[in-house]
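Thanks for coming. I have one model to go through this morning, so let me put it on the screen and start with a sheet.

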Protein chains: 2
Amino acid sequence: MVRRAASDNEGPRPTTIRDVAAHAGVSVATVSRILSGTYPGAPATRTRVLRAVRELDYVANANARGLAGASSRSVAIIVNSVVSPHYAHVAQGVQTQAAIEGKLCIVGTTGSDPERELATVQLMREEHAECVILVGNVVADEAYRARMAEYARALALAGSQLVLCGRPPLGPDVPALVVEYDNTGGAYAITSHLLSAGHQRILFLGRRDNYTTPESRIAGYRKALADHHVDHDPGLEVEGSMERHEGYRMISERLAAGPPDFTAVFAGNDLIAAGARQALREHGLRIPEDISMVGFDDLPPAADIGLTTVHVPHEELGRTAVRMALQRARDKSGTPERVMLGTHIVVRDSVRPVVRSGSRP
Amino acid sequence: MVRRAASDNEGPRPTTIRDVAAHAGVSVATVSRILSGTYPGAPATRTRVLRAVRELDYVANANARGLAGASSRSVAIIVNSVVSPHYAHVAQGVQTQAAIEGKLCIVGTTGSDPERELATVQLMREEHAECVILVGNVVADEAYRARMAEYARALALAGSQLVLCGRPPLGPDVPALVVEYDNTGGAYAITSHLLSAGHQRILFLGRRDNYTTPESRIAGYRKALADHHVDHDPGLEVEGSMERHEGYRMISERLAAGPPDFTAVFAGNDLIAAGARQALREHGLRIPEDISMVGFDDLPPAADIGLTTVHVPHEELGRTAVRMALQRARDKSGTPERVMLGTHIVVRDSVRPVVRSGSRP
DNA sequence: GAGAGCAGTGAAAACGTTTACAGCGTCGTA
DNA sequence: TACGACGCTGTAAACGTTTTCACTGCTCTC
């Protein structure tokens, strides 16, 4: 690209490191070293350089830096949507940790479309981010997994870490870090909480085949039922996606078909719980007097509606993802690693002991 | 950086455009032209190049591209926090439009700290984003404005557009686009809504000197009172920041001091409304039976709690910001521009006509 | 007092693209 | 049949950094 052809007069152009070097009377190498912190330099030189930077209002060109140096000092995060509280909190954690480590944060959204997710990973590959954090659940489709595994290898080859946040590993020999939280354990614990209160017919809202998150949660739910010797009725597992309006729909349709055949509701997440709660109300059913309800995630709607739920360390998830990835990048080790963060129940006011109508003890 | 010193054997390195060119039997210029869409090329060549790209799994290096070319194909957004629904929705709009325009999105957070905001703008300047979108309100401090104006000029010089989203212009000769929404008009409309229902003592929650958003909203509130010939009682304007727990605090403290001296609450935003609602409840006051309440923003909590509020076109705000900025970048014109998006009331179920206790008609 | 070490600096080669310019055929026209 | 035009391609400079290597002067230590 030949920018300045004959005469150099075409208006002011941004200051470069060369200008700073000239103004400070040193070489560009010295300026680079001092500014990037590679080497402090002699106090006098250092002062001169920093003054030149200030006087010329110099800012480095990140593109040039990324090209010449090894890393581009950035962290990429790919989520379904930015407005969903779950992703927003994880993203916030990523942001926070990235800022601490002096990296900036690139965000991509997929709208839950696996194809778009794959494309976005490619985009991040172009960007040469130090790590690419994939958060949230997707269909555990085999073809998809194979393609993602291929991308993972490509990323590793280019020196960036792939982190799977809240989703299972791609395979034993795929270079990717995994930061999870205990979906199954949380679901087990909160189902047990309901069972201890005497509930036996617990409606699970949000079953979804091939989606890992609801699958893990439903597994905990089933295991708790089994451990408490309560019969498992597949009819109590209602299919729906993890959104508020879906919770509303699932309950509405159920109640339209007849009176409630359950005493408690385990909503797949808090959003579903909020929607379900509204539908129950519109049918004259109160929480917790008539129906008990629990959720999962402990995100904003939960506190507002006094929902007993499972707390997920969202921000910690994001922070851990960044921390692990950068640590791993420094260590140059390539073996997969896996971390599981714990969850715990937050008891509010949406569960009451069931009123036994006679019969068994 | 001298990477390959003596022998070329140090494991596989990422594919470059040169590899593609060699593999396809053309020059790098041809590959570049075909891939960047500058020139389609002859069908046969085109096919060969694209096949080489596929076979070698080539992805371009965004840093090199940004360095050599004029633009870095990215859009930057700076917000207080990613988890706050207001910012999240604007960010989502930015994301969406950026994706449509084929740009990627860099996000920075400030934690409401003006100093950090300024620093983040500098960071984005390094990044050579095509536009830098600043969203949300800040203290309208004069020193801050001067520094930001200086940064705005620097950004303009470097060829990127500064967009102020939901905040007032920096000054007449500062090169920045402004995308606003009608805070004052919305507040006026919803205050009028309350006044029409007979409310005269309306508590405003969230006054904050020097913060532009609450200031604009309170201005609409005052104007509505004046136009309806209702006395303005400064004691009804409660100071607090725009968060949920602050809404809770403001009402709690007020009610701890004595019985309610108001019949309606105008919460500075929906988050405050949610917190205030909880506090009212804990004091045995129901909405809307005992106290009417309205909010501002029309974000998730609002629908959940049936809040009458002012709808703000958050996503549209973000999309417009990106659209305007890129349009402006193409047109190369440097004059400031300003756009104001409208708002409208969303009536739910949180306002009831006031019950007159005798006296006046 | 001489050699080794070391702190500080400079010159220049990369990094992987884009793009201005020039060169080459091939085609339609005179 | 010869000539300009045009479509397609190649060569090479430039973008603004980082980093290797080499070179100064110094200060120690023996």
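This is a predicted model, so keep that in mind throughout. In chain B there is an open sheet of 4 strands, in the order E7-E6-E8-E9, and the pairing is parallel. At the edges sit strand E7, residues 237–239, and strand E9, residues 292–294, each of which pairs on one side only. From one strand to the next the twist averages 20°.

Now the pair E6 and E8 of chain B. E6 covers residues 202–207, E8 covers residues 264–267, and the two run parallel over 4 bridges. If you want a register point, B:Ile202 stands opposite B:Ala264 in E8(B).

What lies across E6, E7 and E8 of chain B? That is helix H9 of chain B, residues 212–227, and it runs at about 165° to E6(B).

Next, the DNA. I'll take strand D, then strand C.

Around DNA strand D there are 37 residues, and the ones that come nearest are A:Ile17, A:Ser32, A:Ala68, B:Ala29 and B:Thr45. The elements giving two or more residues to that surface are, in chain A, helix H1 (17–24), helix H2 (28–36) and helix H4 (62–68), and in chain B, helix H2 (28–36) and helix H4 (62–68). H2(A) supplies the largest share, 6 residues. By class, the surface near strand D splits into 22 nonpolar, 10 polar and 5 charged residues.

For DNA strand C the count is 36 residues, with A:Thr45, B:Ile17, B:Ala29, B:Ser32 and B:Ala68 coming nearest. Here the elements with two or more residues are H2 and H4 of chain A, plus helix H1 (17–24), H2 and H4 of chain B. Which element gives the largest share of the surface near strand C? It is H2(B), with 6 residues. The classes near strand C come out as 21 nonpolar, 10 polar and 5 charged.

Last item, the domains of chain A. The chain is divided into domain 1, residues 17–60, domain 2, made of 74–182 + 314–341, and domain 3, residues 183–312. Taken over C-alpha atoms, the centres of domain 1 and domain 3 of chain A are separated by 61 Å.

To recap: the chain B sheet has the order E7-E6-E8-E9, H2(A) gives the largest share of the surface near DNA strand D, and H2(B) gives the largest share near DNA strand C. That's what I have; I'll take questions.

Notes. Residues are numbered from 1 along each chain as its sequence is written. Chains are lettered from A and ligands numbered from 1 in the order in which they are written. This is a predicted model: local features need pLDDT of at least 70, side-chain atom pairs count only at pLDDT 80 or more; totals for chains, interfaces and linings use all residues. Two strands pair if DSSP finds at least two bridges between them. Axes are lines fitted to C-alpha atoms, for helices over the stretch in contact, and angles run from 0 to 180 degrees between N-to-C directions. Two residues are in contact if their C-beta atoms, placed from the backbone, lie within 7 Å. A residue is near a molecule or strand if its C-beta atom, placed from the backbone, lies within 6 Å of it. Ala, Val, Leu, Ile, Met, Phe, Trp, Tyr, Cys and Pro count as nonpolar, Asp, Glu, Lys and Arg as charged, and the others, Gly among them, as polar. Domain bounds come from an automatic or database domain assignment.
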